[in-house]
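User: I'd like a close look at one small part of this protein, and then a walk outward from there. Keep it casual, but be specific about who sits where.

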Amino acid sequence: MRAAVLTEVNKPLQILELEQEGPKLGEVRVQVKAAGVCMSDWHIINGDWPLPLPMVLGHEAAGIVAELGPGVSNVKTGDHVIFSFRPHCGHCRYCSTGRTVLCSGHNDTPRWRMHDGTARVKLNGEPVNQMARIGTFSEFVVCPAEQVVAVRDDLPWTHAAIIGCSVATGIGAVVRHANVEAGASVLVVGCGGVGLNVVQGAKLAGAKTIIGCDLLANKLAYAREFGATHTINARTEDVLKQVQQVTQGFGADYAFDAIGGAETAALVVDAIAPAGHAVLVGIPAFSARAAISPSAMVYGEKKLTGTYYGSIRPAIDFAMLADLDMHKRIELDRLISRTYRFDEINEGFRLLTTGEVARGVVTFN
Ligand SMILES: [Zn+2]
Ligand SMILES: [Zn+2]
């Protein structure tokens, strides 16, 4: 079976033939049908997140269950599934309180290996790690069964794939984490794959004013297509001044940082109104530290929170997002501006990092 492997940082992914063991206790083998190209993969490629290599990248994907290991009951062979990049042990303090994204049940094993600490893929007999225990830039994935969720089988594969990361993260940040209410004003900093989903989540929630902010004009055009009522080009305009102007001098009720960085984290806090809520969505480099204004937070009773994976519950929310898509309440077709063959995957990262696509997806036969 072939998989796209990162063997060294700042080098292209290599599509290599790997040996794969079948699923063990509580694991499944899935034939991957589509896998999105995401900035989180890029953070590993460029060394922002120093993780042990070699590693099969990819974490936003969908496929068909091909084989069950012993003891699997949440899916059956032939099910269409979306991968979750977080485990879900079902009984830790976080799973028990419905905050499954924070699952702490498997913290004693590395998050690029199976729960018994071993690897299911090997190259010349040596273990190869799987990003987030899945590593979906692969023809087949063996992973813990708790990390796949069955969904309706009329959902297009490309749509199913992106629900697994960017759609869940962006829409979840709005409707599951921040609970944006109808009539609110919302600033979205960064209008890439996640940011555009924050924009369409805000529209879904009934926000009155949705301000998209980016450095690239083509991304601002995308933001308008997905429901932004106003856009700000941060390269040429003063973001805070523009936000004030659009919100009658108050600032935004909600501001989402879909980039993930020190500057944008400080920006979203500065851009919210008193009693407003700033939300960090994009995942920063591990070393980032932000210069937040504590006095503005105290005097303005501002709230700053982080959301991981849109604070979703994959077992429930993947199906919800699939239904919203099939009922045309959210737009996933327009989000997917390119599809690639597996051997074009490095081109996918080039177009992602130059900002030329809303979302690109690798499709498998
Ligand atoms: Zn992702
Ligand atoms: Zn858990």
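Not counting residues up to four places away in sequence, which residues does Gly58 touch?

Analyst: Happy to. One caveat up front: this is a predicted model, and everything below is computed from it.

With the sequence neighbours up to four places away set aside, Gly58 touches Asp41, Met131, Ile134, Gly135, Thr136 and Phe137. The glycine itself belongs to the loop that links β5 (55-56) to β6 (61-68). Its relative accessibility is 0%, so Gly58 counts as buried, the cut-off being under 20%. For a sense of the fold around it, take Met39: Gly58 is 19 residues from Met39 in sequence, and their C-alpha atoms are 10 Å apart in space.

Just before that spot in the chain there's a backbone oddity. The peptide bond between Leu53 and Pro54 is cis, with omega at about 0 degrees. Pro54 is part of the loop between α1 (39-45) and β5.

Now follow the partner side. Ile134, one of the residues that Gly58 touches, also turns up in the surroundings of Gln147. Gln147 is in the loop between β10 (140-144) and β11 (148-150), and with a relative accessible area of 0% it is buried too. Beyond four places in sequence, Gln147 is in contact with Ile82, Phe83, Ser84, Phe85, Arg86 and Pro87, and also with Ala132, Arg133 and Ile134. Ala132 deserves a second glance: its phi is near 55 degrees, a positive value in a residue other than glycine. You'll find Ala132 in the loop between β9 (126-130) and β10.

Both β6 and β10 lead to strand β4 (residues 27-37), which is mostly covered, with 10 of its 11 residues buried. β4 pairs with β6 in the antiparallel sense over seven bridges, and Val32 has Gly63 as its bridge partner in β6. β4 and β10 also run antiparallel, joined by five bridges; here Arg29 is matched with Val142. Then there's strand β19 (residues 359-363), again antiparallel to β4, with four bridges between them. In that pairing, Val37 has Gly360 as its bridge partner.

Stepping further along the chain, you meet another sheet. Six strands make up an open sheet with parallel pairing, ordered β14-β13-β12-β15-β16-β17. The edge places go to β14 (230-233) and β17 (303-306); each has a single partner strand, so one side of each has no neighbour in the sheet. From one strand to the next the twist averages 15 degrees. At the β14 edge, four bridges pair β14 with strand β13 (residues 209-214), in the parallel sense, and Ile211 stands opposite His230 in β14. Helix α5 (residues 217-225) lies across both β13 and β14, at about 170 degrees to β14.

At the other edge, the loop between β17 and α9 holds Ser311. Like Ala132, Ser311 is a residue other than glycine with a positive phi, near 50 degrees in the case of Ser311. Its relative accessible area is 27%, which makes Ser311 partly exposed.

That loop brings you to helix α9 (residues 314-326), whose axis comes within 10 Å of the axis of α3, with a crossing at roughly 100 degrees. That makes the two helices roughly perpendicular. On the α3 side the contact is made by His159, Ile163, Gly164, Val167, Ala168, Ile171 and Arg176, while α9 brings Asp317, Phe318, Met320, Leu321, Ala322 and Asp325. Sorted by class, that's eight nonpolar, two polar and three charged residues.

Last stop, the nonpolar packing. The largest nonpolar core has 92 residues, and Val180 and Phe256 have the most contacts inside it. Helix α3 (residues 157-178) gives the most to this core, 11 residues. Setting aside neighbours within four places in sequence, Val180 is in contact with Val174, Val186, Ala205, Ala207, Tyr254 and Phe256. There's also a second, separate core of 16 residues, with Ile232, Val239, Ala252 and Ala255 among them. As a rule, nonpolar side chains in soluble globular proteins tend to be buried together.

Notes:
Residues are numbered from 1 along each chain as its sequence is written. Chains are lettered from A and ligands numbered from 1 in the order in which they are written. This is a predicted model: local features need pLDDT of at least 70, side-chain atom pairs count only at pLDDT 80 or more; totals for chains, interfaces and linings use all residues. Side-chain values use heavy atoms; hydrogens and water are left out. A nonpolar core is a set of buried Ala, Val, Leu, Ile, Met, Phe, Trp, Tyr and Cys residues joined through side-chain atoms within 4.5 Å. Buried means under 20% relative accessible area, exposed over 50%, partly exposed in between (1.4 Å probe, protein chains only). Contact means heavy atoms within 4.5 Å. Two strands pair if DSSP finds at least two bridges between them. Axes are lines fitted to C-alpha atoms, for helices over the stretch in contact, and angles run from 0 to 180 degrees between N-to-C directions. Angles under 35 degrees count as roughly parallel, over 145 as roughly antiparallel, 65 to 115 as roughly perpendicular and the rest as oblique. Ala, Val, Leu, Ile, Met, Phe, Trp, Tyr, Cys and Pro count as nonpolar, Asp, Glu, Lys and Arg as charged, and the others, Gly among them, as polar.
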